[in-house]
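I opened my notebook for a walk through this structure, with a bench reader in mind. Here is what I looked up, entry by entry.

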There are 2 protein chains.
Amino acid sequence: MGFWKTWFSTPEAVASSRTNSFEEMSAEVVGNSSSNGEGVTPPKETRIVFSTERDIDLYELEELCDAVGWSRRPLRKVKKAIEHSFLVATMWQVRGTQRRLIGFARATSDHAFNATIWDVVVHPDFQAKGLGKALMKYVLKKLRSEEISNVTLFADPHVVDFYRTMGFVADPEGIKGMFWYPQ
Amino acid sequence: MGFWKTWFSTPEAVASSRTNSFEEMSAEVVGNSSSNGEGVTPPKETRIVFSTERDIDLYELEELCDAVGWSRRPLRKVKKAIEHSFLVATMWQVRGTQRRLIGFARATSDHAFNATIWDVVVHPDFQAKGLGKALMKYVLKKLRSEEISNVTLFADPHVVDFYRTMGFVADPEGIKGMFWYPQ
């Protein structure tokens, strides 16, 4: 329970933080609390932290995407997409000084009106624990803090209900999401 | 008929052009052909030309959007959105040395995988003449030339069929376009 209690207290702090690399701060906090004055090292505390840092190990990201069965994409293009996304959000499991990438999402945007969220992924070991929702809340807070008024996404059928619980509406006022296929 | 014949011969040339300001080139051509060797000035030829030039008069763009009844948006934000769009496409009526903005579209993108088209508008005086289709063809060619694999948009109900004729598919494989509304 301590794992989740620790985690559930963090999102507000993360969202209101002005730093761009919150995971580094958290790792320090965890490191400081991993020994006490009695000379006994308690079990390392585990935390879930979020970041908008873009300096991501592309192989670690590929491993995460592999874990959910996504088709592999050229790392050169993944790198370019990350560079040119408006927002890149990552979710990490931090234990002691080690961290593991367990979630990812990004958004394209015109920096003014519209943002579109792509590539939302949570590692299977961490699914069904409310972490997908936490990652999306983090993404939405970041986008709102940038005064983006229109946040959109294209949801696969099996996650439409998940996004509904987050406040997303499918086809509002009959607006249809459309994909172009060369004729 | 000369008007449209002139125009219909241009899209391929536009799409294969490497310049970023095709309308300037076209304006020159039109200017050169507006007088002949016999000292008689014929009626000025009218052409429709396309451009990806971003140096757009925001008041002219606002006028175009007013003409189709869109809600006004702060020009400061419109400017920012244009700056941060991946592609900005404009359509112009050129007569002699004068040009008039008659169409607009833009796309956000991660420069690698996805592009989303926004704000497609054709002036009412120029609708139902195949010009919306021509503008979209121009946009799609530009996006394809950048190796964008996934082109998407959110279509209002009354233009879903229009986009279908362009090769767009609504909800492919059950994928739903969703919009977020704060809860």
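**Entry 1: a salt bridge inside chain A**

I began with A:R100 and A:D125, whose side chains meet in a salt bridge at 3.4 Å, N to O. I should say right away that this is a predicted model. I then checked where the two partners sit: A:R100 is in strand β3 of chain A, and A:D125 is in the loop between β4 (114–122) and α6 (131–145) of chain A, so the pair ties together parts that are 25 residues apart in sequence. Are these two residues buried, exposed or something in between? A:R100 has 31% relative accessibility, so I noted it as partly exposed. A:D125 is also partly exposed, at 46%.

**Entry 2: the strands around A:R100**

Next I followed A:R100 to its neighbour across the strands, and found A:Q93 opposite A:R100 in β3(A). The two strands here, β2(A) and β3(A) (residues 98–109), pair in the antiparallel sense over 9 bridges. They form a hairpin with 2 residues between them, and in the turn A:G96 has a positive phi of about 60°.

I looked at the other partner of β2(A) too. Strand β1 (residues 46–51) of chain A pairs with β2(A) in the antiparallel sense over 6 bridges, and there A:R47 stands opposite A:V94. I wrote down that β2(A) (residues 87–95) is mostly covered, with 8 of its 9 residues buried.

**Entry 3: chain A as a whole**

I stepped back to see the whole chain. I counted 7 helices and 7 strands in chain A, and along the sequence they follow the pattern α-α-α-β-α-α-β-β-β-α-β-α-β-β. Chain A has 183 residues, and buried ones make up 50% of them. Of the contacts in chain A with a separation of 6 or more, 65% are between residues 24 or more positions apart.

**Entry 4: how chain B meets chain A**

Then I turned to the interface. I found 50 residues of chain B in contact with 50 residues of chain A. Between them the chains bury about 4,900 Å², with 61% of that on carbon and sulfur atoms. On the chain B side, B:F113, B:M178 and B:W180 lose the most area to chain A, together 18% of what that side buries.

I tallied the polar side of things as well: 26 residue pairs are in polar contact between chain B and chain A. The largest share of the side of chain B that touches chain A comes from β5(B), with 6 residues. By class, I noted 24 nonpolar, 14 polar and 12 charged residues on that side.

**Entry 5: salt bridges between the chains**

How many salt bridges cross the interface of chain B and chain A? I found 4, while a search of the whole structure gives 22 over all chains.

One of those across the interface is between B:R106 and A:D110, at 2.9 Å, N to O. B:R106 lies in strand β3 of chain B and A:D110 in the loop between β3 and β4 of chain A, so the pair joins two chains. Both B:R106 and A:D110 are buried.

I also looked up B:D110 and A:R106, which form a salt bridge with their closest N and O atoms 2.9 Å apart. This pair belongs to a network of salt bridges that links A:R73, A:R106, A:D119 and B:D110.

Another is A:K176 with B:D171, at 2.6 Å, N to O. A:K176 is in strand β7 of chain A and B:D171 in the loop between β6 and β7 of chain B, so this pair joins two chains. A:K176 is buried, and B:D171 is too.

**Entry 6: strand β5 of chain B**

I finished at β5(B), where 6 of the 6 residues are buried, so the strand is largely enclosed by the rest of the structure. B:N150, B:T152 and B:F154 are on one side, and B:V151, B:L153 and B:A155 on the other.

What does β5(B) pair with? Strand β7 (residues 176–180) of chain A pairs with β5(B) in the antiparallel sense over 4 bridges, and β4(B) pairs with β5(B) in the parallel sense over 4 bridges. In the first pairing I found A:F179 opposite B:T152; in the second, B:N114 has B:N150 as its bridge partner.

My last stop was B:T152, buried at 0% relative accessibility. Leaving aside neighbours within four places in sequence, its contacts include A:W118, A:F154 and A:M178 from chain A, and B:A115, B:I117 and B:F168 from chain B.

Definitions and conventions
Residues numbered from 1 in each chain as written. Chains lettered and ligands numbered in written order. Predicted model: local features only at pLDDT ≥ 70, side-chain atom pairs only at ≥ 80, totals over all residues. Heavy atoms only, no water. Buried < 20%, exposed > 50% of the residue type's maximum accessible area, 1.4 Å probe, protein only. Contact = heavy atoms within 4.5 Å. Buried area = accessible area lost by both parts, 1.4 Å probe. Polar contact = N/O pair within 3.5 Å; in protein donor to acceptor, adjacent residues only side chain to side chain. Nonpolar A, V, L, I, M, F, W, Y, C, P; charged D, E, K, R; others polar. Pairing = 2+ DSSP bridges.
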